[in-house]
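Biologist: Please give a close account of a single part of this model, namely its strand pairing. I would ask that each term be stated with its cut-offs.

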Amino acid sequence: MTTDTIFYTQITSIIVFLLALFSIYRLLVENKDSVIQVLKERIQDRDDKIISLESQTPNALTNALSLRIKIAIDEVERLKADKNIQMDEVKLKQNELGVLKERLNFLSALIQEAGLICEKCGATRTHHDFVPIYSNSGDREIEAEIEYTQYACGRLLQDGEEKETCSN
Ligand SMILES: [Zn+2]
């Protein structure tokens with residue numbers, strides 16, 4: 001599996017996880033007429049955002065995931081404050097949140113390791129390419145590749161060596 005495949009597999013599993021998590025929230029508040037409408041609207045809004053995530057950059061994606069974690073934390077707090085909801089349910093949600101945070105940390109590390117963002121300022125990668133080069137050694141022709149990585153901040157790496165510095 002390539003790093004990109006691992007990356008997108010992670011994103012897919014997180015999105016599936018989030019959808020499952022929010023449908024549990026919906027079930028939890030089913031008997032709360034006053035809040036269900038608000039939550040329904042929020043869930044719809046979130047569904048729309050998750051769909052639009054696929055076209056976003058890895059950096060925007062981690063920001064969006066962080067925001068979702070914050071929203072989920074707020075909802076756990078609200079569930080805690082609701083005396084009619086079992087503490088077991090709240091604990092379950094908190095455990096799920098823990099898993100979600102671990103996944104986000106893993107994803108962030110993966111984005112960093114894969115070179116998808118500038119390690120100095122976090123700008124997104126705009127260009128990545130392997131350019132073949134040919135040279136002669138005696139009577140043999142040698143073929144090699146040079147890896148070019150360009151970031152939105154202007155940073156340019158050639159085989160991991162910095163050729164242009166980060167402008168931020
Ligand atoms: Zn940079």
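Modeller: Two strands are taken to pair if DSSP finds at least two bridges between them. Strands (E, at least two residues) and helices (H or I, at least four) are DSSP runs, numbered from the N terminus. The model is a predicted one, in which local features need pLDDT of at least 70 and side-chain atom pairs count only at pLDDT 80 or more, while totals for chains, interfaces and linings use all residues. Residue numbers start from 1 along each chain as its sequence is written.

The protein chain contains four helices and four strands, and from the N terminus the elements run α-α-α-α-β-β-β-β. The strands form an open sheet in the order β1-β2-β3-β4, with antiparallel pairing. Its edges are β1 (125–137) and β4 (161–164), each of which pairs on one side only. On average, neighbouring strands of the sheet are turned by 25° against each other, direction ignored; this angle is taken between axes that are lines fitted to C-alpha atoms.

At one edge, β1 pairs with β2 (residues 140–151) in the antiparallel sense over 12 bridges. Within this pairing, histidine 127 has glutamine 150 of β2 as its bridge partner, and isoleucine 133 stands opposite alanine 144. Two residues lie between the strands in the hairpin of β1 and β2, where glycine 138 takes a positive phi near 65°.

The next pairing, between β2 and β3, is antiparallel and rests on three bridges. Here threonine 149 has leucine 157 of β3 as its bridge partner. The hairpin of β2 and β3 has four residues between the strands, and glycine 154 takes a positive phi near 100° there.

At the other edge, β3 (residues 156–158) pairs with β4 in the antiparallel sense over three bridges. Leucine 157 appears again in this pairing, with glutamate 162 in β4 as its bridge partner. Leucine 157 is thus linked to threonine 149 as well as to glutamate 162.

There remains the question of burial, where a residue is buried if 20 or more other C-beta atoms, placed from the backbone, lie within 10 Å of its own, exposed if 12 or fewer, and partly exposed in between. One of the 13 residues of β1 is buried, so β1 lies largely in the open. Strand β2 is hardly covered, with one buried residue among its 12. For the protein chain of 168 residues, 9% count as buried.

Methods. Axes fitted to C-alpha atoms, helices over the stretch in contact; angles between N-to-C directions.
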